[in-house]
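Here is a briefing for a reader new to this structure. It takes the topics one by one, in short points.

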Amino acid sequence: MDTQFLVSLAFILGTFGLYIGIAIYNQAKATSDFYVAGRGVPPIYNGMAIGADWMSAASFIGMAGTVMVMGYDGLGYIMGWTGGYLLLTFLMAPQLRKYGRYTVPEFIGDRYGSSTARLIAAGATIIISFTYSIGQMSGSGVVIGRLLEVDYRIGTIIGACLIAFYAALGGMKGITWTQVAQYIVLIVAYLVPVIFMSLQLTNNPAPWLSYGTVIEEMRALDREFGISEYVVPFTEGTKWQFLALMFTLMAGTAGLPHVIVRFYTVSTMKAARWSGAWALLFIGLLYLSAPAYAAFSRFILMTQVAGSPIDQLPAWTTSWVDTGMLQVADTDGDGILQWQELQIANDIVVMATPEIANLGVFVIGLMAAGAMAAALSTAGGLMIAISASLSHDIYFRSINPNASDKKRLAVGRWSIVIASLAAGLIALNPPGAITQIVAWAFALASGSFFPALLLGVWWKRSNAQGVIAGMLVGLSVTLGYIFAAKYGGFTILGIIDTGAGVFGATAAILTNVIVSLATKPPSKKIQEEVIDLRYPEQMTYRDGEVWIDDGNDVPPSR
Amino acid sequence: MRKIDKKVADSYFKTRTTLIMIYLAIGFVVSYGCVLFAEPLSNITFNGFPLHYYMGAQGAVLTFIILLFINAVVSDRVDRKYGIDEARNESIGSGKTVDH
């Protein structure tokens with residue numbers, strides 16, 4: 001038991017205590033608390049909660065590492081994951097808020113007037129959230145495994161148990177305020193090391209302004225080492241792959257059920273717009289820092305680790321070599337570790353950086369707590385989405401419509417426990433790197449929900465047959481492309497599995513439009529409801545007229 | 001409840017959609033546009049960065065954030081101009097929830 005271990009453990013236990021305390025304090029009492037936090041969360045706090053919900057282990061642990069390894073080509077993740085908020089906030093969130101339901105499948109079921117559509121959407125929610133949560137469990141395994149210096153599989157099991165416990169306890173209301181706390185923990189943890197590194201390397205405490213000079217020096221080093229330059233575009237994949245990945249992440253963002261549901265927790269369409277803006281500002285703090293992180297880490301590795309004698313490597317290398325995620329091999333046998341002989345896995349860059357930059361035990365402990373906050377908050381949101389689909393969209397609305405609130409809460413809680421443990425089991429042997437697994441979840445969302453919601457909100461002619469065919473085709477095309485590209489080596493224009501969403505979304509939109517036009521239009525009531533979404537709450541569209549509710553008399557009944 | 005002139009209601013919707021189309025077009029140019037023209041942009045240097053790298057790492061994200069805040073502020077103004085009362089929206093919004 002060294003100091004490092006004790007400090008990290010204290011940080012993690014302290015923050016866990018905080019989250020669990022908040023969850024207990026805000027324990028869900030009513031159904032609407034459990035699903036949508038009673039719908040009264042102020043936009044700025046909702047922005048933080050969206051930030052924590054959204055920024056997963058992939059953002060915290062994986063993204064900087066991905067940019068470091070891929071250079072410019074990794075920036076597709078930065079632009080894709082932030083740009084999705086434009087689609088979400090402009091085209092979906094306020095309108096979905098006005099429609100006023102508990103879950104995204106419920107919106108699809110009621111908007112298209114079809115239980116089948118709702119059940120398919122519920123199934124898609126479960127598949128997407130489950131895939132995504134495998135990435136989170138895997139991330140918490142990396143952190144706990146490194147911290148306890150045990151196999152990361154044991155870490156994964158511990159992480160899964162913790163997630164199951166507090167998500168089941170608090171529901172959406174507990175999770176909202178826990179996520180606000182988690183946002184603060186994770187952003188502080190992310191910014192402290194990058195600010196210190198910036199001071200060390202450039203004497204400037206603002207990494208966002210200072211890392212341009214580091215990039216310049218690195219370009220010279222790249223040329224000296226004769227390796228492909230960090231800033232040169234499209235060295236890791238084609239330009240089409242870059243664009244396809246960016247589209248997949250953007251459209252996926254606009255269709256992720258666990259993120260959309262956070263917009264249901266505010267009071268109005270206006271609050272939904274402001275939530276989106278605050279959310280991206282808070283998210284931007286991390287996303288603008290990730291490329292700086294990547295540049296600084298790579299620079300330190302190039303100048304301080306590469307070129308040293310292999311038997312005099314810093315102590316931190318050994319513990320990461322033990323986890324199997326860092327490889328140092330003196331292939332040419334000259335006793336010196338060359339840059340080319342150093343292989344570092346994407347997922348450990350951020351966690352290892354405080355050690356690489358020699359930042360001391362407190363920063364490392366803080367990082368561990370921040371990474372856990374990122375993994376836990378997203379996994380918590382995902383578990384709520386899975387549980388809402390199972391207990392509300394499937395159990396309550398299709399199997400047992402007379403179920404009591406208590407019974408539904410029980411089904412919701414048990415589905416969280418089962419889903420977390422099942423995702424934990426798969427994460428014991430994850431099928432890819434964290435960012436890659438997460439990108440699949442986004443591809444699936446852009447192939448199923450993005451088209452269904454986009455057309456559902458903006459095209460009144462889209463009908464039940466259209467959306468059912470669209471979601472099924474979109475999911476099949478996306479899944480098919482992921483498998484064909486990952487295991488079959490099949491690609492179009494060099495687009496690999498992580499860019500599959502572009503094909504899924506296109507196929508789903510075309511199918512939805514063609515099938516809708518070939519079948520009967522939706523009922524007049526549904527078409528009017530869709531037009532009604534164009535206007536703020538106070539305006540109502542009915543029988544071709546728009547009414548404004550000025551509070552002077554009772555609104556006419558439908 | 002009072003009826004609104006159809007023209008007024010339509011022009012509300014048109015104003016909001018036109019603005020959104022403009023924001024989306026700007027967002028598209030700073031992301032997809034800058035990737036499509038990454039090679040020529042890489043010859044320009046900005047604050048130590050080649051321009052294509054700067055746009056990917058910072059420029060696009062900053063633009064997105066600014067667009068979202070402009071949208072929030074401008075939408076509030078448009079709402080006020082059309083006589084929308086946020087307090088009234090809030091009471092309608094919470095009452096209109098479909099509770100099963």
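Strand 3 (residues 539-542) of chain A runs antiparallel to strand 4 of chain A, and four bridges join the two. Two strands count as paired if DSSP finds at least two bridges between them. Strands (E, at least two residues) and helices (H or I, at least four) are DSSP runs, numbered from the N terminus.

This is a predicted model: local features need pLDDT of at least 70, side-chain atom pairs count only at pLDDT 80 or more, and totals for chains, interfaces and linings use all residues. Residues are numbered from 1 along each chain as its sequence is written, chains are lettered from A and ligands numbered from 1 in the order in which they are written, and side-chain values use heavy atoms, with hydrogens and water left out.

**The sheet across two chains**

- Strand 3 and strand 4 of chain A form a hairpin, with two residues between them. Asp543(A), in the turn, has a positive phi of about 50 degrees.
- Met539(A) has Ile548(A) in strand 4 of chain A as its bridge partner.
- Strand 4 of chain A also runs antiparallel to strand 1 (residues 2-4) of chain B, joined by three bridges. In this pairing Val546(A) stands opposite Ile4(B), and Trp547(A) stands opposite Lys3(B).
- The result is an open sheet of three strands in the order 3(A)-4(A)-1(B), with antiparallel pairing. Its edge strands are strand 3 of chain A and strand 1 of chain B, each pairing on one side only.
- Neighbouring strands of this sheet are turned by 40 degrees against each other on average, direction ignored. Axes here are lines fitted to C-alpha atoms, for helices over the stretch in contact, and angles run from 0 to 180 degrees between N-to-C directions.

**Two faces of strand 4**

- In a regular strand the side chains alternate between the two faces of the sheet.
- Strand 4 (residues 545-548) of chain A shows this alternation. Val546(A) and Ile548(A) point to one face and are buried. Glu545(A) and Trp547(A) point to the other and are not buried.
- Buried means under 20% relative accessible area, exposed over 50%, and partly exposed in between (1.4 Å probe, protein chains only).

**Helix 15 of chain A**

- Helix 15 (residues 361-399) of chain A has 39 residues. From first C-alpha to last it reaches 53 Å, close to the 57 Å expected at 1.5 Å a residue. The expected span is 1.5 Å times one less than the number of residues.
- A kink of about 30 degrees is centred on Ser389(A). The bend at a residue is the angle between axes fitted to the seven residues ending there and the seven starting there.
- In helix 15 of chain A, 32 of the 39 residues are buried, so the helix is largely enclosed by the rest of the structure.

**Salt bridges**

- The whole structure has 16 salt bridges over all chains. Each is a side-chain nitrogen of Lys or Arg within 4 Å of a carboxyl oxygen of Asp or Glu.
- Asp543(A) forms a salt bridge with Lys524(A), with the closest N and O atoms 3.0 Å apart. The pair links distant parts of the chain, 19 residues apart: Asp543(A) lies in the loop between strand 3 and strand 4, and Lys524(A) in helix 20 (residues 524-532) of chain A. Lys524(A) is exposed because its relative accessibility is 55%.
- Lys525(A) forms a salt bridge with Glu529(A), at 3.1 Å between the closest N and O atoms. Both lie in helix 20 of chain A, four residues apart, about one turn of the helix.
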